[in-house]
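Trainee: Could you take one part of this model and walk me through it closely? I'd like to know what surrounds that part and how its contacts are made.

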Amino acid sequence: MSKRQAEHHIEVDLDLGEMDLTAAESRATYDEIKAYVLEKFGLKVSSLYISQVKRKCGLEVGENYNLPKSEGQRVPQCPPEKEKAIMEALRPFQMR
């Protein structure tokens, strides 16, 4: 390659605010998901239910979610109507 004087050149300005979201930026907090489900569907959901649905979708969840506090203790399962609402709430946050 040689260095030559170019008669023409192109200037390009990039606005990084318009770039695609990174995986970290697209994650919603549990509180944001709870608020969305309450506003959109009128249902209150727990962090436990959100973590169960996220696991079903193959999404990363916190280490201590969905674990019984002691052996033999029953962990409540997310009801189907709440599971559906949580699944729908994950879409706007690009988590599904």
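Mentor: Happy to, and let's start with Arg-91, which counts as partly exposed at 44% relative accessibility. Keep in mind as we go that this is a predicted model. The side chain of Arg-91 meets that of Glu-88 in a salt bridge, with N and O 2.5 Å apart. Glu-88 is also partly exposed, at 31% relative accessibility. This pair is one of 2 salt bridges in the structure.

The other bridge joins Lys-56 to Glu-83, and there the closest N and O atoms are 3.0 Å apart. Because Lys-56 sits in helix H2 (residues 47–56) and Glu-83 in helix H3, this pair ties together parts that lie 27 residues apart in sequence. The two partners differ in their surroundings: Lys-56 is exposed, with a relative accessible area of 60%, while Glu-83 has 18% relative accessibility and counts as buried. The cut-off for buried is under 20%, so Glu-83 falls on the buried side.

That brings us to H3 itself, the helix I'd like you to look at most closely. Its buried residues are Lys-82, Glu-83, Ala-85, Ile-86, Met-87, Ala-89 and Leu-90. What do these buried residues pack against? They pack against H1 and H2. A reminder may help when you look at the spacing of those residues: an α-helix has 3.6 residues a turn, so residues three or four places apart point the same way.

Let's take the H1 side now. The axes of H1 (residues 30–41) and H3 (residues 80–90) come within 9 Å and cross at roughly 110 degrees. H1 is therefore roughly perpendicular to H3. The crossing of these two helices is right-handed. On the H1 side, the contact is made by Ile-33, Tyr-36, Val-37 and Phe-41; H3 brings Ala-85, Ile-86, Glu-88, Ala-89 and Leu-90 to it. Sorted by class, the contact has 8 nonpolar residues, 1 charged residue and no polar ones. Glu-88, the partner of Arg-91 in the salt bridge, is among the residues H3 contributes here.

Turn the model to see H2. Its axis lies 10 Å from that of H3, and the two helices pack at an angle of about 70 degrees. H2 and H3 are therefore roughly perpendicular to each other as well. H2 passes H3 in a right-handed crossing. From H2 come Tyr-49, Ile-50, Val-53 and Lys-56, and from H3 come Lys-82, Glu-83, Ile-86, Met-87 and Leu-90. This contact divides into 6 nonpolar and 3 charged residues, with no polar ones. Both partners of the bridge between Lys-56 and Glu-83 appear in that list.

One last neighbour deserves a look: Leu-43, in the loop between H1 and H2. Leu-43 counts as partly exposed, at 23% relative accessibility. Leaving aside residues up to four places away in sequence, Leu-43 touches Val-37, Leu-38, Glu-81, Lys-82 and Ala-85. The C-alpha atoms of Leu-43 and Glu-81 are 9.1 Å apart, although 38 residues separate the two along the chain.

So, to put the picture together for your own tour of the model: follow the buried residues of H3 to H1 and H2, then find the salt bridge of Lys-56 with Glu-83, and finish at Leu-43 in the loop.

Note on methods. Residues numbered from 1 in each chain as written. Predicted model: local features only at pLDDT ≥ 70, side-chain atom pairs only at ≥ 80, totals over all residues. Heavy atoms only, no water. Axes fitted to C-alpha atoms, helices over the stretch in contact; angles between N-to-C directions. Helix = DSSP H or I, 4+ residues; strand = E, 2+ residues; numbered from the N terminus. Parallel < 35°, antiparallel > 145°, perpendicular 65-115°, else oblique. Left-handed = near helix turned anticlockwise from the far one by under 90°. Contact = heavy atoms within 4.5 Å. Nonpolar A, V, L, I, M, F, W, Y, C, P; charged D, E, K, R; others polar. Salt bridge = Lys/Arg side-chain N within 4 Å of Asp/Glu carboxyl O. Buried < 20%, exposed > 50% of the residue type's maximum accessible area, 1.4 Å probe, protein only.
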